[in-house]
Amino acid sequence: MAAKMEDSTRGSGDSSVSSSNMTEIPTVAQIIERQAASSESSAAGGETGPPGSLHHPGFALFKQGAEARLYRGTFLGRPTVLKERFSKKYRHPRLDEKLTTKRTQGEARTVARARKAGIPTPCIYFVNYQSNCIYMEDLRCATTSRDYIVAVQSVGAGDSFRALQPIMDKIGKILATMHDGDIIHGDLTTSNIMLKQDASATDPEVVLIDFGLSSVSQLAEDKGVDLYVLEKAFLSTHPNTETLFRVILKSYTKHSRKSKDVIKKLDEVRLRGRKRTMVG
Amino acid sequence: MFDMTMLLLLLLLSSYDYNIRSVHTMEVSTTLDLYPDTTVSMVLFSGVTNGSEVRKKIMDGTIEAAVINAQMICDPFQVLVAVNKAVHLDKLDKKKTKTVFGEILFNLSPGNNILAAYQKFGVQDAERQDVLVVLLNDLQGQQLQQVSNIIQGTRIPLESLRDIRDEQQIIKLFKISEAERRVGRLEDVVVCRMATKDAG
């Protein structure tokens, strides 16, 4: 029993074991494999896709959000995700055009900045400013931290904390690096924090996605709010994970050079309510 | 006797197959997904001795191709990304340079100075160099023939590009920090820089 638990928590790249044993905690690699297998079987009509993907031959729509549509396809031989920002009809057309382009540009700029700081993000291949489309790397061998946490918790084993702790550690470290680079993600949720693990890797790697609402700021206030957004999203999506989130904060404090003020602001924000910057 | 001739025939046929395969990797043709009416051909020449002459012929319009300093290229994918952007801007008539080939060179460069891009990524004045030639819509192979007649060098498989690339020079020119270098493969770091260059 003890030996089995040790294996589960190591998170090694052993994806050859498909865990049908529901009391065993899955590794990140196993979750990635499970998702890949299920998407393969349902991908049949991927090429033709629903009406929205007509003007992107070779790409199939797989997600629709408030601001953008996501498509999957191939670009210059590489598996690619196409993020298309669409216009909002209720806006004034001139303003709408400017806003949409500005958001696209901002996202590209922040991804470049994040990478310079050493934050893993999908590689951007091409930006079409006419159609506000971003063509970027389709992360293979990856899952969202949301899906992984859900999978681990659904197994219901007592040591889910031990399995998730190293990953929370890594997340805290990445967020610390990001904030030290004065980058505010703006939409931190467990769906935007991906876990990538190639067959050759021993540990999963944290990759941040969706920099659509990101900005640049040195203010501890903004960084505090960024963490607060994650905390709210974390605790509402994953019940009973207060101790897990504390691991993120501990790791953040350990790896950030400016964490003291940020954590102070986080405490202040918690006390007063949602996303208030108290400026002006 | 019969077996021997069969064996020889088989050997001959298989070597013929090998030649066909290696010829194909000498010149790689692909179409752009977003612009399927555009075919891109890439050929790698090693030990080119008449760099200055080649450059003159590009400037006077005899050669219509992008002739790239192969040391500065990480991967053919990087070149395709530059070509895609160049064709995209060409169709919108929003190029920064005069020709689509000049635009390819400009896209490969990290900066906004066109001349510097040509100097670093174009054919050099060196006595010996390796160059990657990029042709557009050379469906009959005529342009390649013409270019091959002018360039004094040996055609080698495109795969050799990985051995030619000068990582240190690339890292220095793009000012890639250690942190950024660790994010992924060198070609991905460079491609992302290229793609986000004009985002501000």
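**Figure 1. Confidence along chain B of the predicted model.** Chain B has a mean pLDDT of 89, with 88% of its residues at 70 or more. Within chain B, confidence is lowest in helix α1 (residues 2-26), where the mean is 51. Helix α4 (residues 100-108) of chain B has the highest confidence, at 98. The pLDDT falls below 50 over residues 14-24 of chain B, and this stretch has 0 contacts in the model beyond near neighbours in sequence. For the model, ipTM is 0.86 and pTM is 0.85.

**Figure 2. The interface of chain A and chain B.** Contact between the two chains involves 26 residues of chain A and 28 residues of chain B. About 2300 Å² is buried between chain A and chain B, and 63% of this lies on carbon and sulfur atoms. On the chain A side, the residues that lose the most area to chain B are Leu76(A), Arg78(A) and Arg115(A), which together account for 30% of what that side buries.

**Figure 3. The salt bridge between Arg78(A) and Asp188(B).** Between chain A and chain B the count is 1 salt bridge. In the pair Arg78(A) and Asp188(B), the closest N and O atoms are 2.9 Å apart. Residue pairs in polar contact between the chains, both at pLDDT 80 or more, number 4. Two or more residues each on the side of chain A that touches chain B come from β2 (68-75), α3 (93-116) and β4 (124-128) of chain A. The largest share, 7 residues, comes from α3(A). By class, this side of chain A has 15 nonpolar, 6 polar and 5 charged residues.

**Figure 4. Domain 1 and domain 2 of chain A.** Domain 1 of chain A covers 50-137 and domain 2 covers 142-279. Taken over C-alpha atoms, the centres of these domains are separated by 24 Å. Their contact takes 15 residues from domain 1 and 18 residues from domain 2. The area buried between the domains is about 1200 Å², and carbon and sulfur atoms give 67% of it. In domain 1, Arg113(A), Ile119(A) and Pro120(A) lose the most area to domain 2, together 42% of what that side buries.

**Figure 5. The salt bridge between Asp210(A) and Lys83(A).** Across the interface of domain 1 and domain 2 of chain A there is 1 salt bridge. The closest N and O atoms of Asp210(A) and Lys83(A) are 2.8 Å apart. The interface also has 4 residue pairs in polar contact, both at pLDDT 80 or more. On the domain 1 side, β3 (78-85) and α3 of chain A are the elements giving two or more residues. The largest share of that side, 6 residues, comes from α3(A). Its classes are 6 nonpolar, 2 polar and 7 charged residues on the domain 1 side.

Notes
Residues numbered from 1 in each chain as written. Chains lettered and ligands numbered in written order. Predicted model: local features only at pLDDT ≥ 70, side-chain atom pairs only at ≥ 80, totals over all residues. Heavy atoms only, no water. pLDDT = per-residue confidence, 0-100. Helix = DSSP H or I, 4+ residues; strand = E, 2+ residues; numbered from the N terminus. Contact = heavy atoms within 4.5 Å. Buried area = accessible area lost by both parts, 1.4 Å probe. Salt bridge = Lys/Arg side-chain N within 4 Å of Asp/Glu carboxyl O. Polar contact = N/O pair within 3.5 Å; in protein donor to acceptor, adjacent residues only side chain to side chain. Nonpolar A, V, L, I, M, F, W, Y, C, P; charged D, E, K, R; others polar. Domains from an automatic or database assignment.
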